[in-house]
Amino acid sequence: MEPEQEPLYLPQYNKSAHAGKGDRAPRSTWPIVPRPLTVLILEGWCVGFKPLTEAELERRWREAQESLSSPATTTESQDSDRTKGLLARHELEHLRQVNDALSSYQAVLNDKFDIFIHLDIPTSPALEWVYTWRKEQESQLRLEKGPENAMTDEQVEKFVDGYMPAYELYLEGVRRGVFEGTNKRGRQLRIVLDRGRRVLGREVWG
């Protein structure tokens, strides 16, 4: 069968799997759509993240280490923003593994986008809204699927802690423009949301 005639499966994600930690749904449950496609909308983790150079990755990690050990980093400031210091608590080698994997992700996926829409928050306040939004999501999941299929607030915090350093490493690049250095100028839309997910503004990059 020719590739353009093969069934096109759309991968699905099951957020309630593994007690709310989520996993890819079985292939047998994926919907099949007819070819050819006019528009394909993709949403997911790491979309738009670009790998850093080894030197830049190490520089940011060392700066995080120094910031964590600085006397100015008080208990009060850490409590006011849970995201502070998370990058420094990861091993550099582990960050390298993620960064290396992102290089393959870039070539297979990110480089193929025609248009990029970035739902963002203001550069200030910090990213602790991510924790609040994920807790709200799990609360709704508990109502729909039962408490055994969703995470508790404490589990959410630990879960988000694991991937929050990726924002610290790669969000700046997304805000700078995922099409930077390409001929796709003007194809990135940044939509800035407030705490209640209302639109504060829109910007076209490039």
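## The hairpin of β6 and β7

In this predicted model, strands β6 and β7 form a hairpin, with 5 residues between them. Within the turn, R197 has a positive phi of about 70°. The two strands pair in the antiparallel sense, and 6 bridges join them.

One cross-strand pair deserves attention. R190 stands opposite E203 in β7, and the side chains of E203 and R190 also meet in a salt bridge, 2.7 Å from N to O. This pair links distant parts of the chain, with E203 in strand β7 and R190 in strand β6, 13 residues apart. The partners differ in their surroundings: E203 is partly exposed, with a relative accessible area of 31%, whereas R190 counts as buried at 8% relative accessibility. R190 falls in the buried class because its value is under the cut-off of 20%.

## The three-stranded sheet

The hairpin belongs to an open sheet of 3 strands, in the order β5-β6-β7, with mixed pairing. Strands β5 (116–120) and β7 stand at the edges, and each has a single partner strand, so one side of each is left without a neighbour in the sheet. From one strand to the next, the twist averages 15°.

Strands of a sheet pair through backbone hydrogen bonds, in either a parallel or an antiparallel manner. Here both kinds occur: β5 and β6 run parallel and are joined by 5 bridges, while β6 and β7 are antiparallel. On the β5 side, the bridge partner of F116 in β6 is Q188, and that of H118 is R190. R190 thus appears in both pairings, as the bridge partner of H118 and as the residue opposite E203 in β7. Strand β6 is mostly covered, with 5 of its 6 residues buried.

## Salt bridges between distant parts

How many salt bridges does the structure contain? The count comes to 18. In one of them, E54 pairs with R96, and the closest N and O atoms are 2.7 Å apart. E54 lies in helix α1 (residues 54–69) and R96 in helix α3 (residues 92–108), so the pair ties together parts that are 42 residues apart in sequence. E54 is partly exposed, with a relative accessible area of 38%, and R96 also counts as partly exposed, at 22% relative accessibility.

A further salt bridge involves the turn of the hairpin: the side chains of R197 and E136 meet at 2.8 Å, N to O. The pair connects distant parts of the chain, since R197 is in the loop between β6 (188–193) and β7 (199–205) and E136 is in helix α4 (residues 129–145), 61 residues apart. R197 is partly exposed, with a relative accessible area of 43%, and E136 is partly exposed as well, at 34%.

Some salt bridges share partners. In this way E56, R59, R60, E63, E172, R176 and E180 are joined into one network.

## An enclosed cavity

Rolling a probe the size of a water molecule over the atoms shows where empty space is left. The structure holds 1 cavity of 30 Å³ or more, and the largest cavity contains about 40 Å³ of space.

Which residues line the largest cavity? They are G48, K50, Q106, N110, F113, V178 and F179. By residue class, this lining divides into 3 nonpolar, 3 polar and 1 charged.

## The chain as a whole

The secondary structure of the chain comes to 5 helices and 7 strands. Read along the sequence, these elements follow the pattern β-β-β-β-α-α-α-β-α-α-β-β. The last two strands in this pattern are β6 and β7, the pair that forms the hairpin described at the outset.

The C-alpha atoms of the chain fill a box of roughly 65 × 50 × 40 Å, taken along the principal axes. Of the 206 residues of the chain, 32% count as buried.

Conventions
Residues numbered from 1 in each chain as written. Predicted model: local features only at pLDDT ≥ 70, side-chain atom pairs only at ≥ 80, totals over all residues. Heavy atoms only, no water. 1 Å grid on protein atoms, 1.4 Å probe; cavity = no way out; pocket = protein on both sides within 12 Å on 5 of 7 lines; lining within 4 Å. Points joined across faces, edges and corners; volume = space filled by probe spheres on them. Nonpolar A, V, L, I, M, F, W, Y, C, P; charged D, E, K, R; others polar. Salt bridge = Lys/Arg side-chain N within 4 Å of Asp/Glu carboxyl O. Helix = DSSP H or I, 4+ residues; strand = E, 2+ residues; numbered from the N terminus. Buried < 20%, exposed > 50% of the residue type's maximum accessible area, 1.4 Å probe, protein only. Pairing = 2+ DSSP bridges. Axes fitted to C-alpha atoms, helices over the stretch in contact; angles between N-to-C directions.
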